[in-house]
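Hello,

Here is the structure I promised to pass on to you. Have a look at it first, and then read on for what turned up in it.

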Amino acid sequence: MAAEIKAYEGKALSRFRTFNKAALFSEIKSASDASEAFRFAEKSGLKAFVLGGGSNVFFRHSEIKSYILKNALEPSIKDMGADLFEVSSSVRMIDLLKFLYKEGRDGPYYLASAPCQIGGAIAMNAGSGPREKRYVFDFLKSVKFARADGIFEKDKSAIFHAHRRSEFSGTDSLIVSAVFKFPKRQFFADPIKERLDWAKKNQDLSVPNCGSLCNKYDARLMKIARFIFSPFPAGMSKKKLNWAYNKAGNPIFLRMFLWTLKTLHKIFGKEIKFEIKFVD
């Protein structure tokens, strides 16, 4: 294999900042690295998990069983002309938005407070709330991705996507890059600063978190779970409902809290849909 398999331990895999160990960990530096890693996982009977910035993932246990493929592609933004830009999946969203603002171009500035990489934003079709209906796919033209059987490219029209999800979410594929259309735009205020100021007022950024926890839930049950776990080092933010936090190194407290949420919804016959990915 081109990508070296090594062991990892630390708190940088998830923005929940739990301490984890992974016996199988590879840094993916090219599309071919990804394809080879997926093939190795298939032959070895391993579950591969693609990790970007760790902004929407929870590792259930301290000892990770999955084969972690860390996106270590070279960050790049290439101007292709005609308002088109090819962006590496490893580029941080905030870095892309700073580039676009400097160039006087439109973009998903409502994601300025999201600590994600471009690959992750595409995979979950990140965007604003369901009322505004603004998504990163609004600017997307095509996606290049790697799987075990090769490297492919798809136009937006051929890619399944819906509210806060796409066909790349939870699949054995790694987004390599994407082509976006970012037209010229006139600004009268800094949209990045506006969004970050909004986030300071409306989101709890004071403790380790992975942003919005669910895209469907019962608010009363969420409040009950928040009250139950108020004495524990993991639970629901007092500042913002649907915003889980974690202060513990061991993931057990957060695992108990998420289990409680699911159980409460099941008991009362309410639907809950998590946005974060659960990884064993």
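**The five-stranded sheet**

Helix H1 (residues 31-44) lies across E9, E10 and E13, and runs at about 50° to E9. Please keep in mind as you read that this is a predicted model.

The strands that H1 lies across belong to an open sheet of five strands, in the order E7-E8-E13-E9-E10, with antiparallel pairing. At the edges you will find strand E7 (77-81) and strand E10 (150-155), each of which pairs on one side only. From one strand to the next, the twist averages 20°. If you would like to follow one pairing by eye, try E8 and E13: five bridges join these two strands, which run antiparallel. Leu84, for example, has Lys181 in E13 as its bridge partner.

**The cores**

Which residues have the most contacts inside the largest nonpolar core? They are Ile118, Ile122, Val143, Phe168 and Phe180, in a core of 33 residues. Two or more residues each come from strand E8 (84-88), helix H2 (93-102), helix H3 (118-123), strand E9 (140-147) and strand E13 (174-181). H2 gives the largest share of this core, with five residues. Apart from this core lies another one, of 20 residues, with Met236, Leu254, Phe257 and Leu264 among them.

Val143 is a good residue to click on. Leaving out residues up to four places away in sequence, Val143 touches Ile122, Phe152, Glu153, Lys154, Ile159, Phe168, Ile175, Ser177 and Ala178.

**A serine in a loop**

Next, go to the loop between E8 and H2, which is the place of Ser90. Is Ser90 buried or exposed? Its relative accessibility is 7%, so Ser90 counts as buried, the cut-off for that being under 20%. The side chain of Ser90 reaches the backbone oxygen of Leu73 at 2.7 Å. Leaving aside neighbours within four places in sequence, Ser90 is in contact with Asn71, Leu73, Glu74, Pro75 and Gln117.

**The three-stranded sheet**

There is also an open sheet of three strands, in the order E14-E17-E16, and its pairing is antiparallel. Strand E14 (209-212) and strand E16 (234-236) stand at the edges with a single partner strand each, so one side of each has no neighbour in the sheet. Here the twist averages 10° from one strand to the next.

You can trace both pairings from strand E17 (residues 243-246). Two bridges join E14 to E17, and these strands run antiparallel. Ser212 stands opposite Trp243 in E17, and Asn209 stands opposite Tyr245. Towards the other edge, three bridges join E16 to E17, again in an antiparallel arrangement. One bridge partner to look for there is Asn246 in E17, which goes with Ala234. The hairpin of E16 and E17 has six residues between the strands, and in it Asn242 takes a positive phi near 75°.

What about the two faces of E17? Both are covered: Trp243 and Tyr245 on one side, and Ala244 and Asn246 on the other, are all buried. Helix H6 (residues 252-267) packs on this sheet and touches E16 and E17, with its direction at about 35° to that of E16.

**Aromatic pairs**

How many aromatic pairs does the structure hold? There are 17. A pair of aromatic rings is described by the distance of the centres and the angle of the planes.

Take Phe58 and Phe278: their ring centres are 6.3 Å apart and their planes are at 85°, so the pair is edge-to-face. Phe58 lies in strand E4 (residues 57-59) and Phe278 in strand E19 (residues 277-279), so this pair ties together parts that are 220 residues apart in sequence. Phe58 is buried, with a relative accessible area of 1%, whereas Phe278, at 24%, counts as partly exposed.

For another pair, look at Phe229 and Phe232. Their ring centres are 5.3 Å apart and their planes are at 50°, so this pair is tilted. Phe229 counts as buried at 4% relative accessibility, while Phe232 is partly exposed at 34%.

Finally, ring pairs link Phe85, Phe99, Phe139, Phe180 and Phe182 into a cluster. You have already met Phe180, as one of the residues with the most contacts inside the largest nonpolar core.

Enjoy exploring, and best wishes!

Notes. Residues are numbered from 1 along each chain as its sequence is written. This is a predicted model: local features need pLDDT of at least 70, side-chain atom pairs count only at pLDDT 80 or more; totals for chains, interfaces and linings use all residues. Side-chain values use heavy atoms; hydrogens and water are left out. A nonpolar core is a set of buried Ala, Val, Leu, Ile, Met, Phe, Trp, Tyr and Cys residues joined through side-chain atoms within 4.5 Å. Buried means under 20% relative accessible area, exposed over 50%, partly exposed in between (1.4 Å probe, protein chains only). Helices (H or I, at least four residues) and strands (E, at least two) are DSSP runs, numbered from the N terminus. Contact means heavy atoms within 4.5 Å. Two strands pair if DSSP finds at least two bridges between them. Axes are lines fitted to C-alpha atoms, for helices over the stretch in contact, and angles run from 0 to 180 degrees between N-to-C directions. A polar contact is a pair of N or O atoms within 3.5 Å; within protein, one must be able to donate a hydrogen and the other to accept it, and residues adjacent in sequence count only if both atoms are side-chain atoms. Rings of Phe, Tyr and Trp (its six-membered ring) pair if their centres lie within 6.5 Å; planes under 30 degrees apart count as stacked, over 60 as edge-to-face and the rest as tilted.
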